[in-house]
Amino acid sequence: MIRAQAAQRIAGSLWLWPLLCLWLLSCAGVQAAGMDYESRTIRLAMSQEPPDLNAITSTDAVSGMILGHVMEGLLSYDAEGDLVGGVAERWQLRDDGATFWLREDAKWSDGSPVTAQDFVFSWQQAVTPAVASEYASILFPVLNAQAINEGRMDPSKLGVRALDDHTLEVSLHQPCPYFLGLTAFRTLFPVKESFYTARGSRYGADADELLYNGPFTLSKWVHGASVSMTKNPHYWNRDNIWLNLIDIPYITEDANARMNLYRDNKVAIASDLNSESLDGALRERMQIKTFLDGAIFYIEFNQRDDRVTRNRNLRKAIQQVFNTDDLVYKVMGSPGSYPTYTLFPRWMKGEKDFFVREHPAQKPEFNLEKARAYLKKAKQELGVEKLPPITLLADDSPGGQKTAEYLQTMLGQALGLEIRVDMQIFKQRLAKMGAGEFDLVVSGWGPDYDDLLTYADLFASHNMNNRGRYNSAEYDHWVEVAQRSLDTSERVHAFDQLQRLIFEDAVIVPLYERGRVYVKHPRLKGVLRRAVGGDPNFNFAYIEPPADS
């Protein structure tokens, strides 16, 4: 099987026939484009090392991708994106709670059974204040979860209990129409208490510091260099997992480097192509694939009391001069991405149509005069003639650098603001965001479950992922309506009100909805690229046999 670009390179060049023969053998034999059919192995490249593989505290998408292969919750997603049984073989959801019956053959990677108590322990840990899980609020539909997280109740009072080893009973403090989707998310994964306690602060720090219950186990982790995942022989559905090994021998943020690895047959997929690597792929007539991964990127303002960005007029001034289209199309040149003016992606459903069509977002009007009037008011309210330097926290990735440089220049020219860029590696940026060490930060958010609330509750005052600490009683009210209501029309109205508040209070300045562009070897099938459930996902992947096998 000869790819079109390879055939073009050799046409009319007889001296290349020996190389062509070698190339054909590599495609038809054991190894082809980062794949090994006989041993059922694929090789990949990642852009980042996973910062946190403790599912209780993990927040980032890179760690989520790994955890989606090595762990499993009560429910999971099938190849069509539908919720199906994971550790639970059946379940019943009611307005006041849910019951889950666990598979008797669900086991940990040490061969011990996964029990209902493993979920009780994990969920209790997630809402324990001392654990400081930024996703604690995702469990707030469970009875007493919020009171526990606020230190007003003991974790043992959480509305979850093991009726026996294989029956889990959950009590909800109000109806929760999206609760089943939560059970497939990493924060609600099980954790074996004895293993967790024995590892202490080392839990999740290395491959041997985790116990796994998913399709794969983490068999190797060389920090900063490589990761390998091996098929889990104790996984209950192991017979339906085709791959034996997912080898990730390369970790690099450089899209061109990942493209070269693919071109050199060292990896089976090259993800997140930039404009340069995309141009090369197009010239070589590679099959380009695209999808929207659900992530919305934005500028978030720190609204803590010691930060000048707590001032609404300053935030409105910045909102007023920003041109999202210029950033996406002229500066970033990010293939597949779209400018956005809202926190909600274009593909999420509203009442009868896509939400953004039913409720178009209000767009900021580029008005320099109005922006400077806002800025003047901000200085008066802050009691200063000149604003101090404003710290912009950003990734040190190529895209992060371009965005930071654009913002620094644009805000300096338009408003005379002195922007100091604090460029950090991915893991350190996350740490600084959590600690509130920024005035502005370029951040992003992707969906944890298939409901608009996964975006909307991000800026609720109780949500620790609300890194800028925006606090609005009105915002919290509409989040509560969306959480408890079973009426679609009422919920969609609540989301529209939340969208309005995000604009009026300038909680964030939306930048773009991320599109992913990638190339994949045509014999690698079943790879899921998706917004909900972890991306990319290889639990259903397989390699087609060589043409002559």
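**Group meeting: pockets, cores and one buried asparagine**

Hi everyone, let me start with the second largest pocket, whose lining residues split into 15 nonpolar, nine charged and five polar. Please keep in mind that we are looking at a predicted model.

Staying with that pocket, its volume is about 550 Å³. The lining takes in 29 residues, and the ones nearest the centre are Met-348, Tyr-449, Asp-450, Asp-451 and Val-532. Which helix gives the most to this lining? That is α18, residues 488-504, with four residues.

Tyr-449 takes us on to the enclosed spaces. There are five cavities of 30 Å³ or more, and the largest holds about 60 Å³ of space. Tyr-449 is part of its lining too, together with Tyr-135, Ser-137, Ile-138, Trp-445, Asp-448, Thr-454, Asp-457, Asn-463 and Asn-465. Sorted by class, the lining of this cavity has four nonpolar, four polar and two charged residues.

Now for the packing. As a general point, nonpolar side chains in soluble globular proteins tend to be buried together. Here, the largest nonpolar core has 114 residues, and Ile-66, Phe-100, Trp-123, Leu-168, Phe-179 and Phe-459 have the most contacts inside it. Helix α4, residues 116-127, is the top contributor to this core, with seven residues. A second core of 36 residues lies apart from it, and includes Phe-297, Val-308, Leu-387 and Leu-407.

If you want one residue to click on, try Trp-123. What does Trp-123 touch, once residues up to four places away in sequence are left out? The list is Leu-74, Leu-139, Leu-158, Val-160, Leu-168, Val-170, Phe-179 and Leu-188. Two of those partners, Leu-168 and Phe-179, also appear among the core residues with the most contacts.

Next, a polar residue: Asn-54, which sits in the loop between β2 (41-46) and α3 (61-70). Is Asn-54 buried or exposed? Its relative accessible area is 8%, so Asn-54 counts as buried, the cut-off being under 20%. Leaving out residues up to four places away in sequence, Asn-54 touches Tyr-196 and Tyr-203.

Last, a word on confidence. The chain averages a pLDDT of 91, and 94% of the residues score at least 70. The stretch to watch is residues 1-31, where the pLDDT is below 50; this stretch still has 34 contacts in the model beyond near neighbours in sequence. Where pLDDT is low, the predicted coordinates should not be read in detail.

That's my tour, thanks for listening!

Conventions. Residues numbered from 1 in each chain as written. Predicted model: local features only at pLDDT ≥ 70, side-chain atom pairs only at ≥ 80, totals over all residues. Heavy atoms only, no water. 1 Å grid on protein atoms, 1.4 Å probe; cavity = no way out; pocket = protein on both sides within 12 Å on 5 of 7 lines; lining within 4 Å. Points joined across faces, edges and corners; volume = space filled by probe spheres on them. Helix = DSSP H or I, 4+ residues; strand = E, 2+ residues; numbered from the N terminus. Nonpolar A, V, L, I, M, F, W, Y, C, P; charged D, E, K, R; others polar. Core = buried A, V, L, I, M, F, W, Y, C linked by side-chain atoms within 4.5 Å. Buried < 20%, exposed > 50% of the residue type's maximum accessible area, 1.4 Å probe, protein only. Contact = heavy atoms within 4.5 Å. pLDDT = per-residue confidence, 0-100.
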